[in-house]
Amino acid sequence: MSLITDDLQDLLIAYCEPESELLQQIDRETNLKVLMPRMLSGHYQGRVLSMLSKMVSPKRILEIGTFTGYATLCLAEGLTKDGLLYTLDINEELEDMVRSNFAKSTYNDQINYILGDATKTIAGLDEVFDIVFIDADKKNNGTYYDLIFDRVRPGGIIIVDNVLWSGKVLQEKQDKDTRNITSFNDKIAADERVEKLILPVRDGLFVIRKLS
């Protein structure tokens, strides 16, 4: 998943803020018990998400794709005292683990964990968001983006994960999944309603700022 060498990754981690004990525990448990643990954001990307959230000081965050809750808790670090984070996921098998992870955090009362198809549950959220983090089924990135765009305040940010797709977006001959990623990236590049840049963090983070 990483686009940089292990040595450089270790250096980056050495120079960023440490993980909390809870985040370390979630990382370990995810790697021991959950299929495809590489989906977890991990230490460095988690600190990037935390930093972006703290810079915005959001009152409302929406996360599409909870997995085991690691990135959720990183994003929650920037919430205002009266802030709320909505996190949406479809995997009921992870519910007990996720709720347990949240219950151990100081942000538990600020997190609204909603199970179901995000293309449907988004419609039930009567909120305007300061930050949206999209990290779910990649084929629906464009759908999620369109569904949440009018719910993001001017100046708010949308963050989309895995947009470099392990470097496969550079290939001339692309499989279906890679074409979906490339099509989404092209969609954002052409969207004049936003400012945007891709951070080469782990598997690529598209950071998108809504203009108006």
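**Notebook: cavity, pocket, cores and one helix**

I began with enclosed space in this predicted model and counted one cavity of 30 Å³ or more. I read the volume of the largest cavity as about 50 Å³.

I then listed what lines the largest cavity. Met39, Leu40 and Ser41 take part, as do Glu63, the run Gly65, Thr66, Phe67, Thr68, Gly69, Tyr70 and Ala71, and also Asp135. Sorted by class, the lining of this cavity holds five nonpolar, five polar and two charged residues.

Next I turned to open space. The largest pocket holds about 820 Å³. Its lining is made of 35 residues, and I noted Met36, Met39, Phe67, Ala136 and Asp137 as the closest to the centre of the pocket. I recorded 15 nonpolar, eight polar and 12 charged residues in the lining of the largest pocket. I also asked which elements supply at least two residues each to this lining. Strand β2 (84-89) and helix α6 (118-121) each do so.

I compared the two lists of names. Met39 lines the largest cavity, and Met39 is also among the residues closest to the centre of the largest pocket. Phe67 likewise appears in the cavity lining and in that central group of the pocket.

My next entry concerns the nonpolar cores. The largest has 31 residues, and those with the most contacts inside it are Ile26, Leu49, Leu73, Phe133, Ile159 and Leu205. The elements giving two or more residues to this core are the helices α2 (21-33), α3 (42-56), α4 (70-76) and α5 (95-103), together with the strands β3 (111-115), β4 (129-134), β5 (152-161) and β7 (205-210). Helix α4 gives the most, with six residues. Apart from this core I found another, of 23 residues, including Leu62, Ala118, Val160 and Ile208.

I followed Ile26 further. Leaving aside neighbours within four places in sequence, Ile26 is in contact with Leu40, Thr68, Tyr70, Leu73 and Asn101. Of these partners, Leu40, Thr68 and Tyr70 are also listed in the lining of the largest cavity.

Finally I examined α5. Which residues of α5 are buried? They are Met97, Val98, Asn101 and Phe102. Seen down the axis of α5, the buried residues fall within an arc of 130 degrees, so they line one face of the helix. I found the exposed residues Asp96 and Ala103 on the face of α5 turned away from its buried side. I noted last that the buried residues of α5 pack against α2, α4, β2 and β3.

Notes
Residues numbered from 1 in each chain as written. Predicted model: local features only at pLDDT ≥ 70, side-chain atom pairs only at ≥ 80, totals over all residues. Heavy atoms only, no water. 1 Å grid on protein atoms, 1.4 Å probe; cavity = no way out; pocket = protein on both sides within 12 Å on 5 of 7 lines; lining within 4 Å. Points joined across faces, edges and corners; volume = space filled by probe spheres on them. Helix = DSSP H or I, 4+ residues; strand = E, 2+ residues; numbered from the N terminus. Nonpolar A, V, L, I, M, F, W, Y, C, P; charged D, E, K, R; others polar. Core = buried A, V, L, I, M, F, W, Y, C linked by side-chain atoms within 4.5 Å. Buried < 20%, exposed > 50% of the residue type's maximum accessible area, 1.4 Å probe, protein only. Contact = heavy atoms within 4.5 Å. Arc of directions from axis to C-beta.
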